[in-house]
Protein chains: 2
Amino acid sequence: MRKIGVSEIEDIALGAALLGAGGGGDPYVGKLVAIGAVKECGPVTLLDPEEIPDDALVVPIAMMGAPTILAEKAIGGTEYQTLYDTVSAFYGKPIFAFMPIEAGGVNSMLPIAAAARLGLPLVDCDGMGRAFPELQMVTFTIGGGSATPMALVDEKGNSSIFRTITNKWTEELARAVTMACGGSVSVSLYAMEGKFMKEYGVKGIVTRSQTLGSAIRRVKEAVDCSPEEQFLRITEGVRLFKGKICDVLREVRGGFNFGKVLLEGIAGDKGRQAYVEFQNENLTAVADGRILATTPDLICLVDTETFQPVPTDALKYGKRVLVVGLPCFPLWRTPEGLALVGPRYFGIDTDYIPLEERCKGGADHV
Amino acid sequence: MRKIGVSEIEDIALGAALLGAGGGGDPYVGKLVAIGAVKECGPVTLLDPEEIPDDALVVPIAMMGAPTILAEKAIGGTEYQTLYDTVSAFYGKPIFAFMPIEAGGVNSMLPIAAAARLGLPLVDCDGMGRAFPELQMVTFTIGGGSATPMALVDEKGNSSIFRTITNKWTEELARAVTMACGGSVSVSLYAMEGKFMKEYGVKGIVTRSQTLGSAIRRVKEAVDCSPEEQFLRITEGVRLFKGKICDVLREVRGGFNFGKVLLEGIAGDKGRQAYVEFQNENLTAVADGRILATTPDLICLVDTETFQPVPTDALKYGKRVLVVGLPCFPLWRTPEGLALVGPRYFGIDTDYIPLEERCKGGADHV
């Protein structure tokens, strides 16, 4: 148990934005919401998963929709109370704690805001260890958990509750309502008991985000290596490519941000070409026709000078980025995990090969 | 109080298909569902609205979506129990009776099936006195009634509950989910107390449908006039046009059947041209550039030989039809009613003029 205040939020937002793998939304917007809530209602208690009783009701809180829309469409003030009331009434017992469902600039932050506003603790655990674009893409689906009863509220006061036969159907119905509500809403889903959360959740994700954020902030303080080497060391990342953005193709479709960013190599990658494709999150990184990494491993773009994560909605012509691969949570590499979030699910016709194997023998460039 | 069995269902389906004003779906499909339920579970008790206690919970049951899709996509067996459970749990009391929300080939029938299967009575009352395409288009909206909590279930077992700030928002959210579920679902909405139902409902609509159906079936038995004159007499309808269908334009869009049917005059209308535009239901009838009738008055097409109603999804090239106008329920002619269902709501740039005034001085043709 420890407290999360403004400085912790700054670090968590930064680290989670990296783990968002291009998605998860703008950390600036998320941070504003969380810091506003903590300043108004006081710091939030972060609980270790092991501190949660087996039968306690734990409820993930998130936003659903296109991150680019969230940045323009505010979050109201009463959504979290409505979500609490709806879920608590359904189960006939109080909610013990909130938790994030994914790591990312926005969805790592909103549960902190919700916890602060309702005076509830937050659990140091999520269901992805990164961000993914669709709601069935959580470790809890592998464990047989149900996304429903899922509650969805918009900033105008409209709300829906879904109960579905599969988590993929939850995605279909909730996505349709998200679109009808303007493309971004607040949700609670995968409400679960403490026991299940401890068995299938990605534990320690809030702390990992904070540690990463803090380390990224101090990356230039390293004395025995370059900032880039220090960044790779602290993130345990694999250097995939360094380049200048020479084109960005975008499409908002079905509530998602789809697109592709093209890179011209710089420094050791001079003369090479690479691209990264995304659906909210980065899906593949390809250089000179060779796949360097695919989902579910994390493909992260960071600024070459500041090492700040660059989410897909902030990609701009001329920006210089370092593309880094991070191994995903082990459960994603099982056949059940790959069926949910492997390359073929996203229409990418290649087998999943772990990042470390693809890059075995060292990077093929400096 | 009286019983509804198979022969009553036959008449109600026929009469309600006429009141459906082109919409409300294929009476054959609706009848199959209702007759199947009554044969299996026994006849349904029909209650007069005055027999309902003021504080009793009365729940309309309907299908939502495009009637053309319903005809291909079956209704499962457990939807009504799910709807009952959801609504009853929300209000914390049992449902006293079901009722239809509109008259039409399908939505006059499904509440009978639901009542039979759950052993509940049906109330002789609806919220339209005809059919309309969108769910906020009920007399209960004029009375300030809320469509929500609205429950929606599909034949696969997925369900949603909506609570919205306006009935128009209910339409937006429920329509989005209806589309995601394949274009046709079962719903309960405008759950209300007996007192409110008696104040704003269209009373006696089931009986009116049955009387009309029975009379249409015997229209050729008239001895003092032609079948057509007899048909106009029993329906109290205004003869608008008689013609042969020479073209049908259709479009399924946003879960609705949009379209236009073009008619070449026959008999007394020989040499004249007319068209009827529809959105599920017929919206306007125009002959030689002159508007004959508009929503919310009922524009009904019937076969010139059998006087069977021809719903918009059964319009076919070459079919000969009589176009008849029927005055709508008086509440629809108030400013509040016309704001909901007047011609301008549907994008038709004309003021509403009651059918009787438009045709004053008699029909301008024989």
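Copies are superposed by least squares on the C-alpha atoms of residues with pLDDT of at least 70 in both. In this predicted model, a rotation of 180° with 0.0 Å of shift along its axis brings chain A onto chain B, with an RMSD of 0.0 Å. That is the relation of a two-fold axis. The same surface serves both copies, since 100% of the contact residues of chain A recur in chain B.

**The interface between the chains**

At the interface, 17 residues of chain A are in contact with 17 residues of chain B. On the side of chain A that touches chain B, two or more residues come from each of strand 8 (159-163) and helix 7 of chain A. Helix 7 of chain A gives the most to this side, with seven residues. Strand 8 of chain A is joined by five bridges to strand 8 (residues 159-163) of chain B, and the two strands run antiparallel. Within this pairing, A:F162 stands opposite B:S160 in strand 8 of chain B.

**The two domains of chain A**

The domain assignment divides chain A into domain 1 (2-206) and domain 2 (231-358). The C-alpha centres of domain 1 and domain 2 of chain A are 25 Å apart. Between them, 30 residues of domain 1 of chain A are in contact with 27 residues of domain 2 of chain A. The elements of chain A that give two or more residues to the domain 1 side of this contact are helix 1 (6-19), helix 3 (67-70), helix 6 (139-142) and helix 7 (167-180). Helix 7 of chain A is thus listed on the side that touches domain 2 of chain A and also on the side that touches chain B.

**A helix pair in chain A**

Helix 4 (residues 79-91) and helix 5 (residues 110-118) of chain A pack at an angle of about 80°, with their axes 9 Å apart. Angles of 65 to 115 degrees count as roughly perpendicular, and helix 4 and helix 5 of chain A are therefore roughly perpendicular to each other. Helix 4 of chain A contributes A:Y80, A:Q81 and A:Y84 to the contact, and helix 5 of chain A contributes A:A114, A:R117 and A:L118.

**Residue classes at the contacts**

The table lists the contacts by residue class.

| Contact | Nonpolar | Polar | Charged |
|---|---|---|---|
| Side of chain A that touches chain B | nine residues | five residues | three residues |
| Side of domain 1 of chain A that touches domain 2 of chain A | 13 residues | 14 residues | three residues |
| Helix 4 of chain A with helix 5 of chain A | four residues | one residue | one residue |

Key
Residues numbered from 1 in each chain as written. Chains lettered and ligands numbered in written order. Predicted model: local features only at pLDDT ≥ 70, side-chain atom pairs only at ≥ 80, totals over all residues. Contact = placed C-beta atoms within 7 Å. Domains from an automatic or database assignment. Helix = DSSP H or I, 4+ residues; strand = E, 2+ residues; numbered from the N terminus. Nonpolar A, V, L, I, M, F, W, Y, C, P; charged D, E, K, R; others polar. Axes fitted to C-alpha atoms, helices over the stretch in contact; angles between N-to-C directions. Parallel < 35°, antiparallel > 145°, perpendicular 65-115°, else oblique. Pairing = 2+ DSSP bridges.
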